[in-house]
Amino acid sequence: MKRTLLCIIAFLCLFAQSLSSQESSSSSFAESAEIAVRFYDRTLYYPGKAEENPVYVHVTIANNGTETLRFKLADDRMFSIDFIAFNVKNTQLAQTQVLRRKRTTNQTVYFREISLEPGEAYSFVENVKDYLEITDPSIYYLELRFYPELYKYPQNYAQSNRLSLEVRPSPSASSSSFLPVEASSASLLQPEAISPDKVVEQTIIARQKGLWDQFFLYIDLEELLKRDPSRSRRYNNASASDRADMLDSFKAELMQSRIDTDIVAIPARFSIDTTMYSQTEGTVRVTEWFNYKNYAERKLYTYYVRQRDGIWQIYNYTVDNKGTESL
């Protein structure tokens, strides 16, 4: 009898220790991690049709602490995150049947242990409509919950910033397909068969105006990423899903001017000097001026372009300093 009682006490102690460890780990994660969400390739959003009109959100987990940040990430992200959305009447959106079914079915959840050093970040993209039933047009307030120890511990989570999601009434059947839009005018964007110099011109102007969707419209992100030999090696050795994550992270870091800052620098003015191209390859040389307090820095950009399916894309560039000029 005493032995049985001792076994029960030992088991309870181990169980309590496990819970305490989980709570401590979650607390440490919440203190060090920053969960940031933003819309990825913003479009016009409509109710339903998760595959035809997805609501893609770019998720970034950043380590803002001073020690290594460790967490688990499920291969099926439905066991790592939740999207929470309320309309203007403070009514919460229901979860999809697929999400509820997965979480109530007895199955093995595969995951990876991820470690982030201070200053590092991990990003991925998810479709909100895979998680929430969006059936009515409205303005929704959207947040994400991340479970560092997977959904089996739903009480332990870190919360993201809030996004405003506008869902418009469904268009008629004759409406055009869903394409990226310019935020200021909601006009549809799609690459056009324009000349290499026009491609470069539109890309620079888009950057001057802060229109990221237009800026990336004619840029080959994969080739830009491969400019760095170490990034190129990691990318070539990665799986298809990891490559997609790497491209997402690369794009996010470009938008934050953390890497390849020359390509995202904003010139005060520019002048296209020469354009040379064959049927598939070309170069466009552009002089760009960057204003400072008492002087302007002049640089010569050479953009390398390549044609694919009738569309010219920027896949590489070089920059040469050409001195300064007084303002």
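**Exercises on strands, helices and rings in a predicted model**

Along strand E9 (residues 163–167), Leu163, Leu165 and Val167 point to one face and are buried, while Ser164 and Glu166 point to the other face and are not. Buried means under 20% relative accessible area, exposed over 50%, and partly exposed in between (1.4 Å probe, protein chains only). In a regular strand the side chains alternate between the two faces of the sheet. Helices (H or I, at least four residues) and strands (E, at least two) are DSSP runs, numbered from the N terminus.

This is a predicted model, in which local features need pLDDT of at least 70 and side-chain atom pairs count only at pLDDT 80 or more, while totals for chains, interfaces and linings use all residues. Residues are numbered from 1 along each chain as its sequence is written, and side-chain values use heavy atoms, with hydrogens and water left out.

**Exercise 1.** Determine in which sense strand E7 pairs with E9, and over how many bridges.

*Solution.* Two strands pair if DSSP finds at least two bridges between them. Strand E7 (residues 138–146) and E9 are joined by five bridges, in the antiparallel sense. At one of these positions, Tyr140 has Leu165 of E9 as its bridge partner. Leu165 belongs to the buried face of E9.

**Exercise 2.** Describe the open sheet that contains E10, and state which strands lie at its edges.

*Solution.* Step one is the order: four strands run E10-E11-E12-E13, with antiparallel pairing. Step two is the edges: strand E10 (269–277) and strand E13 (311–326) each pair on one side only. Step three is the turn between neighbouring strands, which averages 15 degrees, direction ignored. Axes are lines fitted to C-alpha atoms, for helices over the stretch in contact, and angles run from 0 to 180 degrees between N-to-C directions. Step four is the pairing of strand E12 (residues 295–308) with E13, made by 13 bridges; Gln307 has Trp312 of E13 as its bridge partner. Finally, helix H3 (residues 196–208) packs on the sheet and touches E10, strand E11 (281–291), E12 and E13, its direction making about 155 degrees with that of E10. Contact means heavy atoms within 4.5 Å.

**Exercise 3.** Analyse how helices H6 and H7 meet.

*Solution.* The axes of H6 (residues 229–237) and H7 (residues 240–255) come within 9 Å and cross at roughly 145 degrees. H6 contributes Arg231, Arg234, Tyr235 and Asn236, and H7 contributes Arg243, Met246, Leu247 and Phe250. By class, these residues are four nonpolar, one polar and three charged. Here Ala, Val, Leu, Ile, Met, Phe, Trp, Tyr, Cys and Pro count as nonpolar, Asp, Glu, Lys and Arg as charged, and the others, Gly among them, as polar. In addition, the charged end of Arg243 sits over the ring of Tyr235, 5.0 Å from its centre. The criterion is NZ of Lys or CZ of Arg within 6 Å of the ring centre and within 35 degrees of the ring normal.

**Exercise 4.** Explain why the pair Trp212 and Phe215 is classed as edge-to-face.

*Solution.* Rings of Phe, Tyr and Trp (its six-membered ring) pair if their centres lie within 6.5 Å; planes under 30 degrees apart count as stacked, over 60 as edge-to-face and the rest as tilted. The structure holds 13 aromatic pairs. For Trp212 and Phe215 the centres are 5.6 Å apart and the planes stand at 90 degrees, so the pair is edge-to-face. Trp212 is buried at a relative accessible area of 18%, and Phe215 is buried at 2%. Trp212 also forms a stacked pair with Phe216, at 5.7 Å centre to centre and 20 degrees between the planes.
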